[in-house]
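Dear colleague,

I am handing over the structure below, together with a short account of what was found in it. Please look through the sequence and the model first, and then read on.

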Amino acid sequence: MLNWTAFTEGQLLLFALVFLRMISFVVSSAFFGSETIPTPVKILLSIVLSVLLFPVIKIGNIDYLVISNEIISLAVRELIVGLSLGFLTRIFFFIVSMVGDLTAMSVGLSAGQMYNPLLGTTGNALESFYSTLGTLVFLAINGHHILIRAIVESYTLVPVSSLSLNIGPFGEIAAFGQTAFILTIKMCAPVLVTILLVNLAMGILGRAVPQINVLVTSMPVTIMIGMTVVFICLPLMILEMNGLVEITATELFKVMKAL
């Protein structure tokens, strides 16, 4: 049992490093870092998780004198690791948000702006709808448990007391950003293709029957057909979101093992 009242200077420094990685991860992560969660709650959660993890973290042979001399470098390293892992967890919600944005733009609903509480930004109605749906799917498959397990295992895969940091995985994070754009296009492809066909049909109709005002007629038709496709594809969208969470988790642990 760890005696919290008899901490040495080295143990205090190690706990501070553990806390730095934890709070940077919590603040930048997808679910715990939401703008709707008050900052004191985030700090309290970081402290609680750090206190629970510190006694069970395998530190190994540590030279506390080296830690004291290199505390600034170690602190910056922990912040980089925590922020990088937290950013990776947000990619799922970035993809879902982009799907909603592209869908609304193609349907013609991008003008209606709403507050997105998850990302703390202003977006259109479909973006907020998809973000809410993604949050429900994320919680339904225990995505928040994946986040906690990821930060816990990071202390084993990326030791706190080491000064070395492999920068190679940061290139993989950038490559995963490219994959995120491809997944975004795939997820909103049914709506994009449908709207393209509708626009082609309305263009042909306008040429065949010039008396029809295509600019006025096409808007309600596009919205009606686009929203119909959106609701028809909702079960497929939920399946895609499940797979997207698994892809994000796989990439997260892959990056952690390579850091």
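Of the 259 residues of the protein chain, 42% count as buried, and please keep in mind throughout that this is a predicted model. The accessible surface of the chain comes to about 13300 Å², with 71% of it belonging to carbon and sulfur atoms.

The protein chain holds 10 helices and two strands, which follow one another along the sequence in the pattern α-α-α-α-β-β-α-α-α-α-α-α. Among contacts between residues at least 6 apart in sequence, 82% join residues at least 24 apart.

In the interior, the largest nonpolar core has 55 residues, and those with the most contacts inside it are Phe 92, Ile 95, Tyr 155 and Met 241. Helix H4 (residues 71-107) gives the most to this core, with 12 residues. If neighbours within four places in sequence are left aside, Met 241 is in contact with several residues, including Phe 92, Val 96, Tyr 130 and Met 187.

Towards the start of the sequence, Phe 19 lies in helix H1 (residues 9-28), and, again leaving aside neighbours within four places, Phe 19 is in contact with Ile 43, Ser 46, Ile 47 and Ser 50. The C-alpha atoms of Phe 19 and Val 48, which are 29 residues apart along the chain, are separated by 9.5 Å.

On the surface, Val 193, Leu 196, Leu 197 and Leu 200 make a nonpolar patch of about 390 Å². Val 193 has its place in helix H8 (residues 189-208), and it counts as partly exposed because its relative accessibility is 47%, which falls between the limits of 20% for buried and 50% for exposed.

With best regards

Definitions and conventions: Residues numbered from 1 in each chain as written. Predicted model: local features only at pLDDT ≥ 70, side-chain atom pairs only at ≥ 80, totals over all residues. Heavy atoms only, no water. Patch = residues over 30% accessible without salt bridge, like charges linked within 9 Å, V, L, I, M, F, W, Y side chains within 5 Å. Areas by Shrake-Rupley, 256 points an atom, 1.4 Å probe, with all protein chains shown as cover. Salt bridge = Lys/Arg side-chain N within 4 Å of Asp/Glu carboxyl O. Helix = DSSP H or I, 4+ residues; strand = E, 2+ residues; numbered from the N terminus. Buried < 20%, exposed > 50% of the residue type's maximum accessible area, 1.4 Å probe, protein only. Core = buried A, V, L, I, M, F, W, Y, C linked by side-chain atoms within 4.5 Å. Contact = heavy atoms within 4.5 Å.
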